[in-house]
Amino acid sequence: MINYSKIPNNKTSLCISLASFPGNTGSKLHNSGYKILDLNYIYLPIKCANYNKALNIIKNLEFKGCSLSMPLKQKLLNSIDKLDAISQKTGSVNTILKKKNKLYGFNTDYYALHRLLKEKKLNLENSKILILGNGGVAKTSYEVVKDLKFKTVYLSSRKLKKYKDWKLKKKHKLIEWKSRNSTSANILINATPIGMKNVTVEKTPVLLKVLKKFHKIIDFTVNENQNILEKNSKKLKKDYTSGYKLSFYQGIKQFNIYTGKKVNEKKLIKTLRFKK
């Protein structure tokens, strides 16, 4: 058994995350998983949003794995030696494995949403999805719903020109931000930063009166306090999934990439006192 009071040591494998506003969700998940499997690893979150600083870290720091948050998911894409097929398709990388000084990129956000939507067992004919956002997570979300063959998909953000390089299906539509509340969508995917702790541009991506028409709400934001979207969804007794669950799903996929091992999800959930 490893004595974790003596970690880190000269045999410890380091995993990190780079984010503008790093939280503790990832570090709790990974470090708890290491203890469950008795691995000599440690995971540390690092505050970093600057491209040059982040590039210097991933090129020169000796680490096993690195998690990226926005805007680094897209900015560092071309600095990775080898991207997996999903990262290439989505144009976004959130997971780096460093092996023999080579950087290998993955997108585990895709895995998380794909798994969640499969679990929901949605009817492809009746499901009408509205994806809010134009960044890496939104692009990843769109690629997931395309691959799952959802027929009716709406995309909306403040800058529609951001979608110019997206490969949209003919029946999928772009919606002006001011018109997002008047679509016929019944499933909402919030892939904007609205609802994050340090974001104050808008309080909620859709109003309470609009939220009533949605059957399911998937919110990528992670906030230790309930954001307004979560509060309103629960007030209306909607099927709401917070960023915590998506973060958990993508985190265990990262864990497997970094360590080559699978952690028992039930044990990990119990240890984390996991919030859905």
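Is Lys89 buried, partly exposed or exposed? In this predicted model, Lys89 has a relative accessibility of 34% and therefore counts as partly exposed, since that class lies between buried, under 20%, and exposed, over 50%. The side chain of Lys89 forms a salt bridge with that of Asp147, with a nitrogen-to-oxygen distance of 2.5 Å. This pair links distant parts of the chain, as Lys89 belongs to helix α4 (residues 85-90) and Asp147 to helix α6 (residues 136-147), 58 residues apart. Asp147 is also partly exposed, because its relative accessibility is 32%.

Helix α6 contains a further salt bridge, between the side chains of Glu143 and Lys146 (3.5 Å, N to O). Glu143 and Lys146 are three residues apart in helix α6, so about one helical turn separates them. Glu143 has a relative accessibility of 4% and therefore counts as buried. Lys146, at 13%, is likewise buried, because buried means under 20%.

A salt bridge is also found between the side chains of Lys234 and Glu230, at 2.9 Å from N to O. Both residues lie in helix α8 (residues 228-235), and their spacing of four residues means that about one helical turn separates them. The two partners fall into separate accessibility classes: Lys234 is partly exposed, with a relative accessible area of 45%, whereas Glu230 is buried, at 3% relative accessibility. Elsewhere, Arg115, Glu119 and Glu265 are joined into one network by salt bridges that share partners. The structure holds nine salt bridges, including the pairs Lys89 with Asp147, Glu143 with Lys146 and Lys234 with Glu230.

The pockets were examined next. Rolling a probe the size of a water molecule over the atoms shows where empty space is left. The second largest pocket holds about 220 Å³ of space. Its lining consists of 13 residues, and those nearest the centre of the pocket are Glu62, Phe63, Lys64, Lys98 and Lys99.

Which elements each supply at least two residues of the lining of the second largest pocket? They are the strands β1 (13-19) and β5 (95-99) and the helix α9 (243-259). Strand β5 provides the largest share, with three residues. Sorted by class, the lining of this pocket has five nonpolar, five charged and three polar residues.

Note on methods: Residues are numbered from 1 along each chain as its sequence is written. This is a predicted model: local features need pLDDT of at least 70, side-chain atom pairs count only at pLDDT 80 or more; totals for chains, interfaces and linings use all residues. Side-chain values use heavy atoms; hydrogens and water are left out. On a 1 Å grid over the protein atoms alone, a cavity is a set of points where a 1.4 Å probe fits but cannot get out, and a pocket is an open set with protein on both sides within 12 Å along at least five of seven lines; lining residues have an atom within 4 Å of a point. Grid points are joined across faces, edges and corners, and a volume is the space filled by probe spheres set on the points. Ala, Val, Leu, Ile, Met, Phe, Trp, Tyr, Cys and Pro count as nonpolar, Asp, Glu, Lys and Arg as charged, and the others, Gly among them, as polar. A salt bridge is a side-chain nitrogen of Lys or Arg within 4 Å of a carboxyl oxygen of Asp or Glu. Buried means under 20% relative accessible area, exposed over 50%, partly exposed in between (1.4 Å probe, protein chains only).
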